[in-house]
Amino acid sequence: MSKRDLKKYLAELSKEQLEEQLIELYEKFIPVKTYYDFVFNPKEDKLLQESKVKISQEYFPIKKPNAKWRPKAKMRRSVAQKIIKHFISLGVDSFIIADLMLYNIEIAQTYSSQNFIKQELFYKSMFNSFEQATNFLISNGILNEYKARIIAIHEQTVEQKWKNKYDFEAVLDKIDL
């Protein structure tokens with residue numbers, strides 16, 4: 001069904017029929033419920049804090065009480081990417097999304113400053129996150145507000161001697177920071 005056909009169909013429905021369909025969608029589909037729950041009660045700060053905890057647990061998992069060993073860090077970039085994508089789909093403020101994007105890289109750098117990481121994929125994925133974050137900042141016109149954090153991330157790549165530190169530098173050169 002095209003958007004045009006959908007509009008025509010909706011125009012033919014009464015207000016009561018539209019309400020019934022929306023309620024049915026709300027009850028039947030979790031993404032619809034999530035969207036409406038967010039629209040009517042955003043709580044963006046709470047959502048941001050919960051998301052930061054999820055991301056940080058990928059690098060610094062919390063030991064459960066009575067556990068004999070500490071859980072291993074998973075370092076999955078996909079966890080942060082899913083959260084960021086979810087935030088974008090909900091229409092969360094771009095400043096909050098940008099904060100989360102940069103936090104993801106910063107927490108990974110904190111982990112790598114304390115632990116040796118031999119997987120090349122880790123460094124490549126952090127660069128991809130950095131590039132996506134800078135593109136997001138530029139496209140939303142908020143680059144200047146996050147300039148210090150972008151520079152600090154680059155400086156950490158140099159300080160920690162990341163093999164792809166020049167890729168990070170190339171991004172900074174392109175955006176004239």
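Accessible areas here come from the Shrake-Rupley method with a 1.4 Å probe, and by that method the accessible surface of the protein comes to about 12,200 Å², of which 54% belongs to carbon and sulfur atoms. The structure is a predicted model, with 9 helices and 0 strands, and its mean pLDDT is 91, with 98% of the residues reaching 70 or more. The points below go from the whole chain to a few individual residues.

**Overall fold and dimensions**

- Read along the sequence, the protein follows the pattern α-α-α-α-α-α-α-α-α, in keeping with its count of 9 helices and 0 strands.
- The radius of gyration of the protein is 21 Å, whereas a compact globule of 177 residues would have one near 16 Å.
- The C-alpha trace spans about 65 × 50 × 30 Å when it is taken along the principal axes of the protein.
- Of the contacts between residues at least 6 apart in sequence, 66% join residues that are at least 24 apart.
- Lys-147 and Asp-5 give one example of separation within the chain, since they are 142 residues apart in sequence and, from C-alpha to C-alpha, 46 Å apart in space.

**Confidence along the chain**

- Confidence is lowest in helix 3, which covers residues 30-40 and has a mean of 83.
- Confidence is highest in helix 8, which covers residues 147-159 and reaches 97.

**Burial and charge**

- Buried residues make up 35% of the 177 residues in the protein.
- The protein carries 29 positive and 24 negative charges, and the mean positions of these two sets are 9 Å apart.

**Two buried polar residues in contact: Ser-129 and Asn-104**

- Ser-129 has its place in helix 7, which runs over residues 120-139, while Asn-104 lies in helix 6, which runs over residues 94-114.
- Ser-129 counts as buried because its relative accessible area is 5%, which is under the 20% cut-off for that class.
- Asn-104 is likewise classed as buried, because its relative accessibility is 1%.
- With neighbours within four places in sequence left aside, Ser-129 is in contact with Arg-77, Gln-81, Asn-104 and Ile-105.
- On the same basis, the contacts of Asn-104 are Ile-55, Tyr-59, Ala-80, Gln-81, Met-126 and Ser-129.
- Gln-81 therefore appears in the contact list of Ser-129 as well as in that of Asn-104, where contact means heavy atoms within 4.5 Å.

**Loop residues with positive phi: Met-75 and Lys-161**

- Met-75 is not a glycine, yet it has a positive phi of about 55 degrees.
- Met-75 is found in the loop between helix 4, residues 44-59, and helix 5, residues 77-90.
- Lys-161 is also not a glycine, and its phi is positive at about 60 degrees.
- The position of Lys-161 is in the loop between helix 8 and helix 9, the latter covering residues 165-175.
- Lys-161 counts as exposed because its relative accessibility is 65%, which is over the 50% cut-off for that class.

**A lysine in helix 8: Lys-147**

- Lys-147 has its place in helix 8, the helix in which confidence is highest.
- Lys-147 is classed as partly exposed because its relative accessible area is 35%, a value in between the 20% and 50% cut-offs.

Terms used:
Residues numbered from 1 in each chain as written. Predicted model: local features only at pLDDT ≥ 70, side-chain atom pairs only at ≥ 80, totals over all residues. Heavy atoms only, no water. Helix = DSSP H or I, 4+ residues; strand = E, 2+ residues; numbered from the N terminus. Rg over C-alpha atoms; globule rule 2.2 N^0.38 Å. Buried < 20%, exposed > 50% of the residue type's maximum accessible area, 1.4 Å probe, protein only. Lys, Arg positive; Asp, Glu negative; His and termini not counted. Charge placed at Lys NZ, Arg CZ, Asp CG, Glu CD. pLDDT = per-residue confidence, 0-100.
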